[in-house]
Amino acid sequence: MHTHIHRIAAGTLAALLALGTGAAAAQQAVKLRFSHTVPESDSQHKAALEFSKRVKERTQGGVEIQVFANSQLGNDTTLVTGVRSGTIDIGATGNPFVTGLAPKLNALDLPYQFADAQQAYRTLDGPVGRSLLDELGAHQIKGLAFWEIGFRSLGNNKRPINTAADIKGLKIRTTPNPSHLKAFQLLGANPQPMPFAEVFGALESGAVDGQENPPTLMLSSKMYEVQKHLSLTRHAYTPLVVIMNKARFEALKPEFQKVVLEEAAAAANFQRKLNNEGEKDAIAQLRAKGMQINETPDVDSIRRVVREETRKLYIEKNGDAVLKAMDAQP
């Protein structure tokens with residue numbers, strides 16, 4: 001009797017195994033959660049979806065990435081902590097939110113460091129960028145790629161900004177980047193660092209007068225509802241750092257690691273193209289929604305006050321090796 005049952009069980013098991021190879025493969029898909037802090041209408045979210053789609057295709061369903069927008073899994077600060085501890089697998093956040101861990105990365109958002117986007121991309125996508133991403137390795141983080149927030153411009157509710165003198169006295173929300181805090185202090189403003197999720201409310205309540213972000217992000221986050229003036233100061237370029245929990249990255253099969261790194265880099269190009277195409281349109285839409293926009297402020301007057309002083313501050317803290325390597329880039 002028993003042998004009979006065993007025989008049937010073994011037969012059933014063999015049949016199930018034959019059936020189940022497809023199902024088993026599907027069940028073994030590595031599922032990853034990707035978090036960012038901006039609205040779904042923003043290029044960051046579109047790039048994250050593209051990244052997710054391409055990784056799934058190239059790993060034949062072996063790696064599935066679910067994207068959570070708009071600070072759903074926490075604000076910028078929480079996101080970095082989550083990626084380090086592994087409660088979030090992948091995250092995208094502004095460079096200043098990882099520089100507390102790896103201060104050398106602050107070189108990337110120094111005021112007026114990059115003449116234009118192409119120069120920024122050459123630095124970020126080259127050996128300098130890779131070595132900076134690798135600084136995060138000591139903190140349980142695998143740096144995947146640099147996407148972008150972009151060139152920051154100044155919005156406020158008090159007055160049009162044309163020269164450095166017009167910035168004096170404004171309460172401006174900034175990132176926690178020491179060089180941005182220093183720059184606005186040098187300009188006589190009162191910088192107030194806070195996560196992106198809190199900015200709209202702070203502008204609405206009058207806790208701050210202004211903020212500085214790219215026009216595309218001002219549009220997607222509806223800043224025009226709470227900001228009257230925009231001046232295209234383009235005073236600093238901010239990369240978006242795409243980071244992954246290091247142990248989670250290292251647990252992927254080597255061929256999947258390669259796909260994740262390649263597609264993170266490809267998504268950077270996808271997102272930058274969207275931003276580039278979107279900026280003129282964003283400025284036109286912000287204007288149509290009632291913002292007063294100065295497209296040609298006296299940028300030199302601002303640069304003169306902030307550029308050398310903020311570089312000096314960086315070099316005091318981090319040495320000059322990174323800046324020398326960046327300045328040597330064509």
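How far apart are the mean positions of the positive and negative charges of the protein? In this model, which is a predicted one, the 39 positive and the 34 negative charges have mean positions that lie 2 Å apart.

Let me turn from the charges to the overall build. The protein has 330 residues, of which 52% count as buried, and its secondary structure comprises 12 helices together with nine strands. Taken along the principal axes, the box filled by the C-alpha atoms is roughly 95 × 45 × 30 Å. The area that the protein exposes comes to about 14,800 Å², and 54% of that area is supplied by carbon and sulfur atoms. If we consider the contacts between residues at least 6 apart in sequence, 75% of them join residues that are at least 24 apart.

Now to the interior. The largest nonpolar core has 46 residues, and those with the most contacts inside it are Phe-34, Phe-51, Ile-90, Leu-144 and Trp-147. Helix 10, which runs over residues 254-288, contributes nine residues to this core, the largest share. Apart from this core there lies another, of 29 residues, which includes Phe-97, Ala-107, Phe-151 and Leu-323.

I would like to dwell on Phe-51 for a moment. Leaving aside residues up to four places away in sequence, Phe-51 touches Phe-34, Ile-65, Ile-90, Leu-144 and Trp-147, and it also touches Val-260, Glu-263, Ala-264 and Ala-267. Phe-34, Ile-90, Leu-144 and Trp-147 are, along with Phe-51, the residues with the most contacts inside the largest core.

Technical notes
Residues are numbered from 1 along each chain as its sequence is written. This is a predicted model: local features need pLDDT of at least 70, side-chain atom pairs count only at pLDDT 80 or more; totals for chains, interfaces and linings use all residues. Side-chain values use heavy atoms; hydrogens and water are left out. A nonpolar core is a set of buried Ala, Val, Leu, Ile, Met, Phe, Trp, Tyr and Cys residues joined through side-chain atoms within 4.5 Å. Buried means under 20% relative accessible area, exposed over 50%, partly exposed in between (1.4 Å probe, protein chains only). Helices (H or I, at least four residues) and strands (E, at least two) are DSSP runs, numbered from the N terminus. Contact means heavy atoms within 4.5 Å. Accessible areas come from the Shrake-Rupley method with a 1.4 Å probe; for residues, only the protein chains shown count as cover. Lys and Arg count as positive and Asp and Glu as negative; His and the chain ends are not counted. The place of a charge is taken as NZ of Lys, CZ of Arg, CG of Asp or CD of Glu.
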